Amino acid sequence: AWYQRRVRGFELITKSALLHHEKEKKRGYNARVLEVEKASFTPLIFSTSGIMGNEAERFYRQLATMLAVKSRQSYPDAIRYIRQRLSFCLLKTTIVSLRGFRGKKPVSHSKSQDINLLYY
């Protein structure tokens with residue numbers, strides 16, 4: 001599955017505007033992903049204030065359900081964890097877009113590690 005994210009700026013964002021951006025992304029990427037990658041495509045559209053598009057909401061509900069089952073946590077704990085992480089990611093994206101990136105380049109790890117996503 002392929003996911004494309006778009007964070008919209010400080011202008012007034014409504015659900016209909018987010019739906020317009022979802023359709024625009026689907027129109028641009030869906031055919032290629034289906035034909036070339038043989039996968040599904042879900043555009044994840046957010047405003048900088050944290051409003052999610054319809055497909056992003058469905059994606060996060062499904063992700064929380066799978067995470068809750070895998071980690072044997074309750075659904076509310078899983079969705080709270082995801083929303084908390086999403087809030088910090090959106091905040092970081094907004095800060096970087098305003099002032100620019102000033103940190104070190106990220107280090108890439110060649111080994112894949114199993115990470116416990118929920119803290120006990």
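In this predicted model, D77 and R80 form a salt bridge whose closest N and O atoms are 2.3 Å apart. Both residues belong to helix α3, where they stand three residues apart, about one turn of the helix. An α-helix has 3.6 residues a turn, so residues three or four places apart point the same way. The two partners are covered to unlike degrees: D77 counts as partly exposed because its relative accessibility is 27%, whereas R80 counts as exposed because its value is 53%, and the limit for that class is over 50%.

## Salt bridges

The count of salt bridges comes to three. Side chains of opposite charge can pair when their charged atoms come close. The pairs are set out below.

| Salt bridge | N to O distance | Relative accessibility of each partner |
|---|---|---|
| D77 and R80 | 2.3 Å | D77 27%, R80 53% |
| K26 and E55 | 3.8 Å | K26 25%, E55 16% |
| R32 and E37 | 3.4 Å | R32 39%, E37 33% |

The pair of K26 and E55, with 3.8 Å from N to O, links distant parts of the chain, for K26 sits in helix α1 and E55 in helix α2, 29 residues apart. E55 has a relative accessibility of 16% and therefore counts as buried, the limit for burial being under 20%. K26, at 25%, counts as partly exposed.

In the remaining pair, the side chains of R32 and E37 meet at 3.4 Å, again taken from N to O. R32 is partly exposed at 39% relative accessibility, and E37 is partly exposed at 33%.

## Overall architecture

How many helices and strands does the protein contain? The secondary structure consists of three helices and two strands. Their order along the sequence follows the pattern β-α-β-α-α.

The protein has 120 residues, of which 28% are buried. Its exposed surface amounts to about 9,200 Å², and carbon and sulfur atoms supply 56% of that area. Among contacts with a separation of 6 or more, 59% are between residues 24 or more positions apart.

## Helix α1 and the loop after it

Helix α1 covers residues 15–37. The helix bends by about 45° at Y29. Its buried residues are L18, H21, E22, K25 and V33.

What follows α1 in the chain? The next residue is K38, which has a positive phi, near 55°. K38 is a residue other than glycine, and its place is the loop between α1 and strand β2, the latter spanning residues 41–47. With 69% relative accessibility, K38 counts as exposed.

R72 has a comparable setting to describe: its phi is positive, about 55°, although R72 is not a glycine. This residue occupies the loop between α2 (54–71) and α3 (75–99). R72 counts as exposed because its relative accessibility is 78%.

## The nonpolar core

In soluble globular proteins, nonpolar side chains tend to be buried together. Here the largest nonpolar core holds 15 residues, and the members that touch the most others are F46, M52, Y60, I82 and L86. Elements giving two or more residues to this core are β2, α2 and α3.

Which residues does L86 contact once its neighbours within four places in sequence are left aside? The partners of L86 are then F46, M52 and Y60. These three residues are, like L86, among the core members with the most contacts to other members.

## A nonpolar patch on the surface

Nonpolar side chains also appear on the surface: F88, L91 and I95 make a nonpolar patch of about 300 Å². L91 is placed in helix α3. At 48% relative accessibility, L91 counts as partly exposed, since the exposed class requires over 50%.

Helix α3 thus recurs in several of these features. The helix carries both partners of the bridge between D77 and R80, gives two or more residues to the largest nonpolar core, and contains L91, a member of the surface patch.

Terms used:
Residues are numbered from 1 along each chain as its sequence is written. This is a predicted model: local features need pLDDT of at least 70, side-chain atom pairs count only at pLDDT 80 or more; totals for chains, interfaces and linings use all residues. Side-chain values use heavy atoms; hydrogens and water are left out. Helices (H or I, at least four residues) and strands (E, at least two) are DSSP runs, numbered from the N terminus. Buried means under 20% relative accessible area, exposed over 50%, partly exposed in between (1.4 Å probe, protein chains only). The bend at a residue is the angle between axes fitted to the seven residues ending there and the seven starting there. Patches are made of residues with over 30% relative accessible area and no salt bridge: like charges are joined within 9 Å, nonpolar side chains (Val, Leu, Ile, Met, Phe, Trp, Tyr) within 5 Å. Accessible areas come from the Shrake-Rupley method with a 1.4 Å probe; for residues, only the protein chains shown count as cover. A salt bridge is a side-chain nitrogen of Lys or Arg within 4 Å of a carboxyl oxygen of Asp or Glu. A nonpolar core is a set of buried Ala, Val, Leu, Ile, Met, Phe, Trp, Tyr and Cys residues joined through side-chain atoms within 4.5 Å. Contact means heavy atoms within 4.5 Å.
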